[in-house]
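Q: Could you walk me through one part of this model in some detail? I'd like to look at the place where the two chains meet.

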Amino acid sequence: MDAYHHTDAWHSMGMAVATAAQSPDDPRLARLLEHPALWRGRSATRSSAVPTKFAALDAALPGGGWPQVGLVEILISRLGAGELYLILPALASLTQRLEARWCAWIAPPPEPFTERDHARCPLEPFAPALAAHGLNLARVLIARADPPLWAFEQALRSGACDAAVAWMQRVPVRALRRLQLAAERGRTLAFVFRGLSTRAVSEPSAAVLRITVQPVREGARIDILKSRGSPRAAICLSLHEEPDAATADGAAGRVADRVADRVADRVAAPE
Amino acid sequence: MRARPQRTATGIAPRKRPAPQLVSRNAPRTEQRALPFLEPRELWIGAHLPQLALEALVEAHSAPEPHVPQRLAVAELQGSSQCVVAANDQAARAGVRAGMSLAAALALAPELVVLTRDPHREQALLERLARSALDFTPRVSLAQPDGLLLEIKGSLQLFGGATKLGAAFLKKCRTAGVHPKLALAPTPLAALAGARYTAWTAPRAGEAGLVRGGSRFKVTDESRLVGALAPLPLAVMRWPPQVLERLAKIGVRTIAEALRLPRAGFARRFGTETLTSLDRLTGRAPDLRRSFQAPERFRMRRGCTYDLEHHEAILEALAPLLESMEKFLEARQRGITDLECRLWHRHASPTRCVLRLAAPAAGGEQLQTLLGERLAAIALPEPVRSFELRSGRLVPRILRAESLWQAGEHGGGGASSQSVDLIEMLRARLGNDAVYGLAIHETHRPEAASRRVEAATAKPDVVRSTAAGWPAFRRPLWLLREPEPLTESNGMPQRRGPLRLIGEPERIETGWWEKEGSIARDYYQALDMRGVRLWVYRERSKPHRWFMQGVFG
């Protein structure tokens, strides 16, 4: 590319951003943004996304939803924190497609996380409730594996799954890397639920997206720890109601932002 | 055409032209009359299984306590009422007969154990008998629904005559728990008719003495066939009931009487099929029977000159066997769903490694991968000396075209082979029960509403949202296998601290007509101290205990 032209483009872009920052619809800015040499953080996630069906979360996630391919790490303080309601709308839309592949549940919930007695009395996915949330049960595959890592990697690698969900207490960092590569190879959206701890938060991770879910008084608080192309954010969602009623209004958002700052201070940034 | 004695239209051979006598060791020499002995072209053993309906069910039913004499009967719905199809000896002694209504049978024997007829098992038993009959002759054919035909002309020399062969076959049947009636005749239909007649006249338990002791139907001379058939009642032909009824009205009850009727008129009145079957009976028309083919299986054993200890080495040694199996299946365009690999050791009993596949497969490499997974989970007691590969039943393979798009691309590759491969891969390592799908069962009881099903067979059904009549968020996503009892304080449930009940209660009660697992509960959603939403209930009956049954995700 012509060097002069290049600098010119940068120069004019800087001006344009300065003048038209308030109006992203400005045609001049739009023309500039089409420039191939221009790199923006958000444009890194050019790949398609699966909407979460929660407006506030969609807005905070790059591409407007869960990535269609890749590993999503969800750190939960305990089982039943609302984590499954978070991903259920996306799973439902994936399984309802005409040529849907499997939606694999690996080792549902295998380990006690923090509540020891869940292990004593194993939990079974309740089919009527899943169907009521729109999941196409014909595409659901459940595999009880202990340890789940091998089965999870097979499911991701095989290319037979649109989505795979696994529950693991501890995942080695190298295993996460393997899972991410397997998910890319099989073009699968992989969710891994793991226990939330300070150590787990500070660990580096190869996952495309990393969030924590904690139950709060009404619903759950979601902190985005890592995502490709979006800043950290915190969102409060009311998960036990219809998704449309999610609190995406200003007040909740402002509270969440303050919370996010506190979390950001406390947690050492992995990247 | 073969030269044969001229016959009249009625089928009675004239007593003329003595043909050169053919010598046979089976020829009945006792009653040599003017009739020449005609060596038949074929010799058929007809086996009639009068108690097939019972025998097919009994082997499974009476297995736990075989020595307890039970009155057993098999019933089937005929028209609008249940009819007894077969009864065992104990039941027959009480007067239960095939053909009587079930109500009448139960009135005669109130403690009668009634089984429901299962045609599939009857068919399976018949095929099993046919397979064992293949030991005697390659020409075995099934005579549906309860007969078997063996062409034994070529096997007489080997087995030392028809009597010995028949006895050997009978013995084999008895070990299988089946008691057939046999008859010998030059035509298949005559053999069957004879066998049915034998079964008919055999002394039955409870009525011995009324009927003369079992007659035997054995014809090895073609010229005597018509004479032997003559006294048989027409019912052995199994013609349609209306035909038999009309024949009875004009006074025709035996085969001889039917043979005496003019052919043209007989065909006009009772149909050409009836005449054809009469011709086949006497050997006038050819009777072609479809031979029974035993289902093929692959089985191959290979020994080693050295001990194999490592799984990789075993797998490598298995590769040629798998390759030849692939060729075997390829040539037949078939696949297998069951594969057993047996590993023999020097002292220890052989190790079995069974592979069950979700879909028919034939590829050697795929099977090798799966076998490798399964073998890795098996601990070998000793080094392997030799190994064997046994396939299950061959099933038709479903060949699919590959999708243009890769899986996941543009919505491509839905239920491709990969999805089946994944299930098999997981099953090979985790076991068959560990991989399953989910299905809804229509019931009010939450613990029975969700069922495990075979994942590969799950059909894409219509998505039913809140079909059960409750909002989606009223039910938990996780259900405990067993409800967990909760402690109580001041009438409120406790689980590591007090539970806060939220929302409206929901009452779930089963109807009074449902005796099994009847419940009467008031369900609540409850928040525990950590903000986890639980599904708890309080029993409506005393002592009103609290239980936790589910966790909202």
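In which sense do strand E6 of chain A and E13(B) pair, and over how many bridges?

A: Keep in mind that this is a predicted model. Strand E6 of chain A, residues 140-143, and E13(B) pair in the antiparallel sense, over 2 bridges. If you want a spot to zoom in on, take A:Ile142, whose bridge partner in E13(B) is B:Tyr436.

Now step back to the whole contact between the chains: 54 residues come from chain B and 51 residues from chain A. On the side of chain B that touches chain A, strand E13 (435-440) is one of the elements giving two or more residues, along with strands E14 (450-453), E15 (478-485) and E21 (546-551), plus helix H15 (417-430). H15(B) gives the most to that side, with 8 residues. As for chemistry, the residues on this side of chain B split into 27 nonpolar, 14 polar and 13 charged.

For some background on the chain that carries E13(B), chain B has 16 helices and 21 strands. Of its 553 residues, 32% count as buried. Among the contacts in chain B with a separation of 6 or more, 58% are between residues 24 or more positions apart.

Chain B also has a helix pair to look at: the axes of H13 (residues 311-332) and H14 (residues 364-376) of chain B come within 9 Å and cross at roughly 145 degrees. The crossing of H13(B) and H14(B) is right-handed. Residues making this contact include B:Leu315 and B:Leu318 of H13(B), and B:Leu367 and B:Leu371 of H14(B). By class, the contact of H13(B) with H14(B) has 10 nonpolar, 4 polar and 2 charged residues.

Note on methods:
Residues are numbered from 1 along each chain as its sequence is written. Chains are lettered from A and ligands numbered from 1 in the order in which they are written. This is a predicted model: local features need pLDDT of at least 70, side-chain atom pairs count only at pLDDT 80 or more; totals for chains, interfaces and linings use all residues. Helices (H or I, at least four residues) and strands (E, at least two) are DSSP runs, numbered from the N terminus. A residue is buried if 20 or more other C-beta atoms lie within 10 Å of its own, exposed if 12 or fewer, and partly exposed in between; C-beta atoms are placed from the backbone. Two residues are in contact if their C-beta atoms, placed from the backbone, lie within 7 Å. Axes are lines fitted to C-alpha atoms, for helices over the stretch in contact, and angles run from 0 to 180 degrees between N-to-C directions. A crossing is left-handed if the near helix is turned anticlockwise from the far one by less than a right angle, and right-handed if clockwise. Ala, Val, Leu, Ile, Met, Phe, Trp, Tyr, Cys and Pro count as nonpolar, Asp, Glu, Lys and Arg as charged, and the others, Gly among them, as polar. Two strands pair if DSSP finds at least two bridges between them.
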